[in-house]
Amino acid sequence: MTTEIRFYHNAPDRLRVACVLTAKACAGGRRISVFAPDGGTARHFDQMLWAFQPLAFIPHVPAGSPLAAETPVVIGTTLDVLPHQDVLINLGDELPAGFDRFELVLEIVGPSDPEKAAARGRYRDYKARGYTLAAHDLAQRSGE
């Protein structure tokens, strides 16, 4: 299996874009692992998913939940506790060890210089390992 890697840059809000991508992937029947190495980010993302679509529910649980294996979206602070191997949304600043077990890795790049610098490092690391990368400019899509 070859892992597909997509970068979404110029995201005005990384977590909001992660919610959009999670909702789309979930609606498409995919199983999503969300890697948020910072516990605060993991909790905030969990809260955002609850309120993201007022008339719809995105089924999600933290990685430690007994329902994690059956739930389409699982949020964890380490990759080894994430049960799904379909889609990985990386909310960390580093290249996550073990990312290559996923079919698709989504990287979201926020507007700050530290976020951009970290993303450039991840981009170089993926490229050096021979992965084909797709880049999507969110500023172009929103007409900014």
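## Cys19 and its surroundings

Contact here means heavy atoms within 4.5 Å. On that footing, and leaving out residues up to four places away in sequence, Cys19 touches Phe45, Met48, Leu49, Phe52 and Ile58. This is a predicted model, so read each value as a property of the prediction.

Cys19 sits in helix 1. Is Cys19 buried or exposed? With a relative accessibility of 0%, Cys19 counts as buried, because the cut-off for that label is under 20%. Another way to place this residue is through Asp46: the two are 27 residues apart in sequence, yet their C-alpha atoms are 9.5 Å apart in space.

## The nonpolar cores

Let's move on to the packing. The largest nonpolar core has 28 residues, and the ones touching the most other members are Ile32, Val34, Phe45, Ile89, Leu91 and Ile108. Which elements supply at least two residues each? On the helical side they are helix 1 (14-27) and helix 2 (39-52). The strands that do so are strand 2 (32-35), strand 4 (73-76), strand 5 (87-90) and strand 6 (104-108). Helix 1 gives the most, with 8 residues. Apart from this core lies another one, made of 19 residues, including Val74, Leu82, Leu88 and Phe102.

Ile108 is a handy residue to click on if you want to look around the largest core. Setting aside neighbours within four places in sequence, Ile108 is in contact with Tyr8, Ala11, Arg14, Val17, Ala18, Leu21, Ile89, Asn90, Leu91 and Arg122.

## Strand 6 and its partners

Why is strand 6 described as largely enclosed by the rest of the structure? Because 5 of its 5 residues are buried. Both faces are covered: Leu104, Leu106 and Ile108 are buried on one side, and Val105 and Glu107 are buried on the other.

Strand 6 pairs in the parallel sense with strand 1, over 5 bridges, and with strand 5, over 4 bridges. In the pairing with strand 1, Phe7 has Glu107 as its bridge partner, while Arg6 stands opposite Leu106. Leu106 is also the bridge partner of Ile89. Strand 1 has a further parallel neighbour in strand 7 (residues 133-137), to which 5 bridges join it. There, Arg6 stands opposite Ala134. To follow Arg6 across the sheet, then, look for Leu106 in strand 6 and Ala134 in strand 7.

## The second largest pocket

Now for the empty space. The second largest pocket has a volume of about 160 Å³. Which residues line this pocket? They are Phe7, His9, Asn10, Val109, Lys116, Ala119, Arg120, Tyr123 and Ala135. Phe7 turns up again here as a lining residue, having already appeared as the bridge partner of Glu107.

By element, strand 1 (4-9) and helix 3 (113-128) are the ones that give two or more residues to the lining. Helix 3 gives the most, with 4 residues. By class, the lining breaks down into 5 nonpolar, 2 polar and 2 charged residues.

Conventions: Residues are numbered from 1 along each chain as its sequence is written. This is a predicted model: local features need pLDDT of at least 70, side-chain atom pairs count only at pLDDT 80 or more; totals for chains, interfaces and linings use all residues. Side-chain values use heavy atoms; hydrogens and water are left out. A nonpolar core is a set of buried Ala, Val, Leu, Ile, Met, Phe, Trp, Tyr and Cys residues joined through side-chain atoms within 4.5 Å. Buried means under 20% relative accessible area, exposed over 50%, partly exposed in between (1.4 Å probe, protein chains only). On a 1 Å grid over the protein atoms alone, a cavity is a set of points where a 1.4 Å probe fits but cannot get out, and a pocket is an open set with protein on both sides within 12 Å along at least five of seven lines; lining residues have an atom within 4 Å of a point. Grid points are joined across faces, edges and corners, and a volume is the space filled by probe spheres set on the points. Ala, Val, Leu, Ile, Met, Phe, Trp, Tyr, Cys and Pro count as nonpolar, Asp, Glu, Lys and Arg as charged, and the others, Gly among them, as polar. Two strands pair if DSSP finds at least two bridges between them.
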